[in-house]
Amino acid sequence: MHATRWAVLVCVVVAALGSPGVGAAAAANGDCSFPITRTDATGTTVTVAEDPDDVVTVSPSAAQTMYEIDAWDEVVGVTTYASYLPGADEKTTVGSGFGSPTVEGTIALDPDLVLAPNSVPSSVVQSLRGAGLTVYQFEEAEDLEDIEEKTRLTGELVGHCEGANARADEMARQLDVIRAAVDDVERPKAFFSFAPGGWTVGDDTFIHEAIETAGGDNIAADDPGINEFGSYTSGYFPVNAEIVVQSDPAWFVLDSGG
C-alpha cells in the first residue's frame, strides 16, 4: 500500500476514534429545541430541560465530539485522557472517567449535563445521577453510521444541531470519497493496537469498519488466534503477539499511546 492509501487508512481510523458511542436518532435539521427527551444506553429516559451552559465530558470521545461540533466553549470538565485537545488545559480535569475521583470532580462543577460514552462504568453514571445530575450515557458504536448518528445526537443534547449536522455531513462526504478511492484494489493486511498490554478490535466494531473502509484487511477479524483467548474475532480483546507476527501485516496502526 503506497503512502496515499496509508494516509487514508490513518485518517479514517483517527476520525472514527473520536466518538465511540451512539444513542437514539437525532434530528435531521439544524434546529435544536428544548426540552429534549431521549432514552440512553441504560434504558433511562433523560430530559434536558434547557439548552445547557455547562457540560462535563467523562470520556475523551465526548470531549472530541464537543470540540468538533463547535460546542467546546460549553465544556467545563474533561477527563485526563482528553488533554490532547486544544484548550483542554483550561478546563477542569475530573479524573480518568473511572471511580470516585471522577464522580467527586464532576459533582463539584455542578454541570447542566454530563455526557458519558459507553466506556464509562455504570457505577459512575449511577453515582452522578444519585447526586441529582443529568447524565446521558451513549451506546457502543458498532459501525461508522453509529458515529454519524451519535454526532447529531450530541448536537441535539447540547443545543448545537447546526454544527453537529454539518460535521456529520462532512464525515459522510469524506467517507464516500475514501470508499471510491479504494474500491476494487488489493487489500493489504492491517493490524490495530491500543491500550497498555496490547488490545485490538475485531468485527462488530466501528474501528474495524474504519480499517476496512480505508481499504485495509483487519487481520484480527480473520484469525481467532490473534485473540489471546483464541475463541472469537468480534469486539475488543487482548492480543496474542506471536500470532500477529506470524500473520505478517503490512501496516500497524497504533493509538496515541501505542
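A salt bridge here is a side-chain nitrogen of Lys or Arg within 4 Å of a carboxyl oxygen of Asp or Glu. The model is predicted, and local features need pLDDT of at least 70, side-chain atom pairs count only at pLDDT 80 or more, and totals for chains, interfaces and linings use all residues. Residues are numbered from 1 along each chain as its sequence is written, and side-chain values use heavy atoms, with hydrogens and water left out.

**Salt bridges**

Select E148 and R152. They form a salt bridge whose closest N and O atoms are 2.9 Å apart. Both belong to helix 5, where a spacing of four residues separates them by about one helical turn. Helices are DSSP runs of H or I with at least four residues, strands are runs of E with at least two, and both are numbered from the N terminus. R152 is buried at 13% relative accessibility, while E148, at 22%, is partly exposed. Buried means under 20% relative accessible area, exposed over 50%, and partly exposed in between, with a 1.4 Å probe and protein chains only. Add D169 to the selection: E148, R152 and D169 are linked in a network of salt bridges.

Go next to helix 6 (residues 161–181), where E170 and R173 are three residues apart, about one helical turn. Their side chains meet in a salt bridge of 2.7 Å, N to O. E170 is partly exposed at 30%, and R173 is partly exposed at 47%. Also in helix 6, R179 and D176 are three residues apart and form a salt bridge with the closest N and O atoms at 3.7 Å. The structure holds nine salt bridges.

**T65 and two lysines over rings**

Select T65 in helix 2. T65 is buried, with a relative accessible area of 2%. Its side chain is joined to that of K150 by a polar contact of 2.3 Å. A polar contact is a pair of N or O atoms within 3.5 Å; within protein, one must be able to donate a hydrogen and the other to accept it, and residues adjacent in sequence count only if both atoms are side-chain atoms.

K150 also lies over the face of F138, at 5.3 Å from the ring centre. The criterion is NZ of Lys or CZ of Arg within 6 Å of the ring centre and within 35 degrees of the ring normal. For another case, select K91, which lies over the face of W72 at 4.6 Å from the ring centre.

**Nonpolar cores**

W72 leads into the largest nonpolar core, which has 23 residues; M66, W72, L113, L115, L157 and V158 have the most contacts inside it. Elements giving two or more residues to this core include helix 2 (60–68), strand 6 (113–116) and helix 5 (144–158). A nonpolar core is a set of buried Ala, Val, Leu, Ile, Met, Phe, Trp, Tyr and Cys residues joined through side-chain atoms within 4.5 Å.

Select a second, separate core of 13 residues, with L144, I147, F192 and V201 among them.

**Aromatic pairs**

F192 also forms one aromatic cluster with F194 and Y236. Rings of Phe, Tyr and Trp (its six-membered ring) pair if their centres lie within 6.5 Å; planes under 30 degrees apart are stacked, over 60 edge-to-face and the rest tilted. The whole structure has six aromatic pairs.

Finish at F191 and F252, whose ring centres are 5.8 Å apart with planes at 80 degrees, so the pair is edge-to-face. F191 lies in strand 8 (residues 189–193) and F252 in strand 12 (residues 251–254), so the pair ties together parts that are 61 residues apart in sequence. F191 is buried at 4%, whereas F252 is partly exposed at 44%.
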